[in-house]
Amino acid sequence: MIPFRKNVAIAIDGGGLRGAIVTQALAVLEDHMRKPLHEIFRLAVGTSTGSIISAGIGAGLTGRQMNRLYREMGSTVFPSSWRKWLFPLTPYRYPAGPLSRALNDHFGTMKMSEFWYAPKPIDVVITAYDLAENRTRFVKPWKEEYKNWSVSKAVRSSCTVPTYFPLVENRFIDGGVGAYSNPCYVAAYEARECLNWDPQETTLISIGTGRGPYNYNARQTSKLKAWDWIGKAMDIFLQSAYDQQVHLVETHFKDLDFRRFQIDLQENIQMDDAGQMDKLVAYGTALGRMIVNDQVDPIQGINLKERFGI
């Protein structure tokens with residue numbers, strides 16, 4: 001693995017329980033570097049499930065500890081219940097209580113400002129969408145309006161996927177509903193414009209939660225009904241948003257050591273499928289090896305040998 005630069009940041013996509021892929025990959029990275037995550041990264045940016053992992057890094061959790069958290073959350077946060085099976089006759093699939101309790105168990109009463117005023121400060125940026133003000137909020141520990149937000153509230157807001165969980169305070173939902181399911185551009189901007197990190201001294205690691213299989217069949221596509229296009233159009237929008245953020249970083253932060261890592265899944269694994277945890281961990285191990293071997297996502301379009309002269 002090409003050594004990281006002086007300042008190291010991480011950006012983590014959304015994806016529900018597929019966040020277990022990332023936690024396992026980060027455990028592999030920790031083993032390789034022989035140091036915990038909170039000593040590697042000084043900026044962590046996350047959307048939805050990525051906000052759990054980013055906050056976990058800031059709170060000093062290891063990849064393995066967060067992997068256990070995802071195993072625990074699987075069946076408790078996404079239970080099979082009448083609410084799930086009656087959806088969409090119900091306003092949401094899962095109650096908020098189990099997720100709130102899981103976050104409180106790990107973050108307690110910790111405030112966002114505690115990341116910034118810790119003995120070794122870390123900037124943790126969490127995205128959430130504010131329906132009341134019709135804008136994305138970038139919850140940061142150094143920003144006055146968010147310093148007293150509890151970490152649990154910030155993370156729960158970012159994880160509140162519409163139709164899956166009830167709104168937080170009747171206004172906050174998943175930060176990935178807009179363009180920030182992949183928050184790598186947010187991380188690049190935060191590093192350069194807010195933390196004043198020199199891009200030539202900065203490494204940004206962007207990690208996805210798995211790319212689902214894409215099987216095109218002209219005959220089947222031509223027979224899609226109107227309702228079939230709802231899910232397909234959403235998948236196309238999200239994938240385009242993921243890739244767009246990568247291209248924005250490459251275009252506007254050319255001197256940044258930017259590495260995007262993503263793994264192709266052989267099957268569709270839904271964000272609430274708790275029965276696939278072993279497969280997710282296996283994918284995470286493979287993704288971790290890709291990180292330590294600098295096997296960046298082909299969408300990035302960067303030839304590391306040309307860029308770094310190796």
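Mentor: A salt bridge is a side-chain nitrogen of Lys or Arg within 4 Å of a carboxyl oxygen of Asp or Glu. The structure discussed here is a predicted model.

Trainee: How many salt bridges does the structure hold?

Mentor: Pairs that meet this definition include Lys140 with Glu190 and Arg259 with Asp294. The total for the structure is 17.

Trainee: Is Arg137, which meets Glu145 in a salt bridge, buried or exposed?

Mentor: The side chains of Arg137 and Glu145 come to 3.3 Å, N to O. Glu145 is partly exposed, at a relative accessible area of 42%. Buried means under 20% relative accessible area. Arg137 has 8% relative accessibility, so this residue counts as buried.

Trainee: Which residues are linked with Arg137 and Glu145 in a network of salt bridges?

Mentor: Arg137 and Glu145 form a salt bridge with each other, and both belong to a network of such bridges. The other members of the network are Asp130, Glu133, Arg135 and Arg171.

Trainee: How many residues apart in sequence are the parts that Lys140 and Glu190 tie together?

Mentor: The side chains of Lys140 and Glu190 meet at 2.7 Å, N to O. Lys140 lies in the loop between β4 and α8, whereas Glu190 lies in helix α9, so the parts they tie together are separated in sequence by 50 residues.

Trainee: What is the relative accessible area of Asp294, the partner of Arg259?

Mentor: Arg259 and Asp294 form a salt bridge, with their closest N and O atoms 3.0 Å apart. Arg259 lies in strand β7 and Asp294 in the loop between α12 and α13. Arg259 is buried at 0% relative accessibility. Asp294 is also buried, with a relative accessible area of 12%.

Key:
Residues are numbered from 1 along each chain as its sequence is written. This is a predicted model: local features need pLDDT of at least 70, side-chain atom pairs count only at pLDDT 80 or more; totals for chains, interfaces and linings use all residues. Side-chain values use heavy atoms; hydrogens and water are left out. Buried means under 20% relative accessible area, exposed over 50%, partly exposed in between (1.4 Å probe, protein chains only). Helices (H or I, at least four residues) and strands (E, at least two) are DSSP runs, numbered from the N terminus.
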